[in-house]
Amino acid sequence: MRVFKTSAAGKRNMTHQKTAIVTGITGQDGCYLARLLVNQGYRVVGTIDPERNSSLWGLKYVGVLPTVQLKHCDIFSFSDVQRLILETEADEIYHLASQSSVAESFRSPVTTMHANTRPIINILESVRTVSTSTRVYHASSSEMFGKVKKLPVTEQTHFRPISPYAVSKVAAHQTVSCYRDSYGLFAVSGVLFNHESILRRETFFTRKLIREAFEIVTGRRESISFGNLDVRRDFGYAPAYVDAMWRMLQQADPYDFLICSGRSVALREMVEHVYSSLGISTDRIKLDPSLFRPNDIPDMFGSNEFAKQQLDWDYNMTAFEMLDLLIAE
């Protein structure tokens, strides 16, 4: 069990178990992160939206449902967030909850901006006012970079967002930087590129691809319709990416990191790999223009060298190896 001592005024001057708050704990990353933290000896407190009936299947799947503490907390309420931090005496906060669909952000830009900025402001302001020793992790996105002029993307690449989702993420990311620089908080953002697992929602590309490919195999479907398959993306494996999140909050100094595989692959190649693995003819690939985004990024991949060196984070899995794991699950 990992323990530490606190000596700041108002804190317990004794050895105690670390406590981590995880927003979005029922999502893909939240479930795998909760498992990692439990295995590290943390007391894990996950926030549940009182207005939503969140599914607990993922926490049950990774084996931590009986272990984590689930608390109702409206993360859009400053007083709720502040109260939770005080009640739990949180040492670390991992803010993963967000509106994460690029397509949905074009349909609901106002909702997306609110969902992706208000909670992190509440968290940072609460930490600033009542718990400055609490360390904060914020989930940023590779979508912030937009149509970059040079690849791979690095920590020094400028943001050029091209979707409402990306704009909201840039605003949140810069807010974290502002609080870190202005108030000396240990607040960091992990810029995660696409990362997948069996817990990914079925509206996302890889889960939709694999689920519907199995439906072709079992005769319940004739073909699958896709949007633009010529774009290239950097794909990784979610359980390995949450390990990098945790490592970011264990550093001596706060830095933002790119968490990625370091290479890109065309969506068409991924479709063909899954089809080939399951013995499906590529004739069953259909394109649907209505699924194309209004504005899309042709190619995107990042460099993970800084994360590997600074965090001692080891990642070498290819997108095809990741797909094989999902097919086997």
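## A tour of the helices and H195

Begin by selecting helix α3 (residues 78–88) together with helix α5 (residues 109–130), whose axes come within 9 Å and cross at roughly 50°. In this predicted model, that angle falls in neither the parallel, the antiparallel nor the perpendicular range, and α3 and α5 are therefore oblique to each other. If you turn the view to look through the pair, the crossing of α3 and α5 is right-handed. To see where they touch, show side chains: from α3 the residues are F78, V81, Q82, I85 and L86, and they meet N122, I123, E125, S126, V127, T129 and V130 of α5.

Keep α5 on display and add helix α6 (residues 164–183). The axes of α5 and α6 come within 8 Å and cross at roughly 15°, and because angles under 35 degrees count as roughly parallel, α5 and α6 are described in that way. This crossing, too, is a right-handed one. On the α5 side the contacts are made by P109, T112, M113, N116, T117, I120, I121, L124, E125 and R128, while the partners in α6 include P164, Y165, V167, S168, K169 and A171, with Y179 and Y183 also among them. E125 is worth highlighting, since E125 is listed in the contacts with α3 and also in those with α6.

Now select α6 alone and set a distance between its end C-alpha atoms, which are 28 Å apart; its 20 residues, at 1.5 Å a residue, should span 28 Å, so the two values agree. Step just past α6 to G184, which takes a positive phi of about 70°.

Next, move to helix α1 (residues 28–39), where the end C-alpha atoms are 17 Å apart, in agreement with the 16 Å expected for twelve residues at 1.5 Å a residue. Colour α1 by accessibility: nine of its twelve residues are buried, so α1 is largely enclosed by the rest of the structure. The buried residues are Q28, D29, G30, C31, Y32, L33, A34, L36 and L37. Just after α1, G41 has a positive phi of about 95°.

From D29, follow the side chain to H195, to which a polar contact of 2.7 Å joins it. H195 lies in strand β9 (residues 194–196) and, at 9% relative accessibility, counts as buried. A polar atom of the H195 side chain also lies 2.8 Å from the backbone oxygen of F193. Finally, display the surroundings of H195: leaving aside neighbours within four places in sequence, its contacts are Q28, D29, R200, G236, Y237, A238 and Y241.

Key
Residues numbered from 1 in each chain as written. Predicted model: local features only at pLDDT ≥ 70, side-chain atom pairs only at ≥ 80, totals over all residues. Heavy atoms only, no water. Helix = DSSP H or I, 4+ residues; strand = E, 2+ residues; numbered from the N terminus. Expected span 1.5 Å × (residues − 1). Buried < 20%, exposed > 50% of the residue type's maximum accessible area, 1.4 Å probe, protein only. Polar contact = N/O pair within 3.5 Å; in protein donor to acceptor, adjacent residues only side chain to side chain. Contact = heavy atoms within 4.5 Å. Axes fitted to C-alpha atoms, helices over the stretch in contact; angles between N-to-C directions. Parallel < 35°, antiparallel > 145°, perpendicular 65-115°, else oblique. Left-handed = near helix turned anticlockwise from the far one by under 90°.
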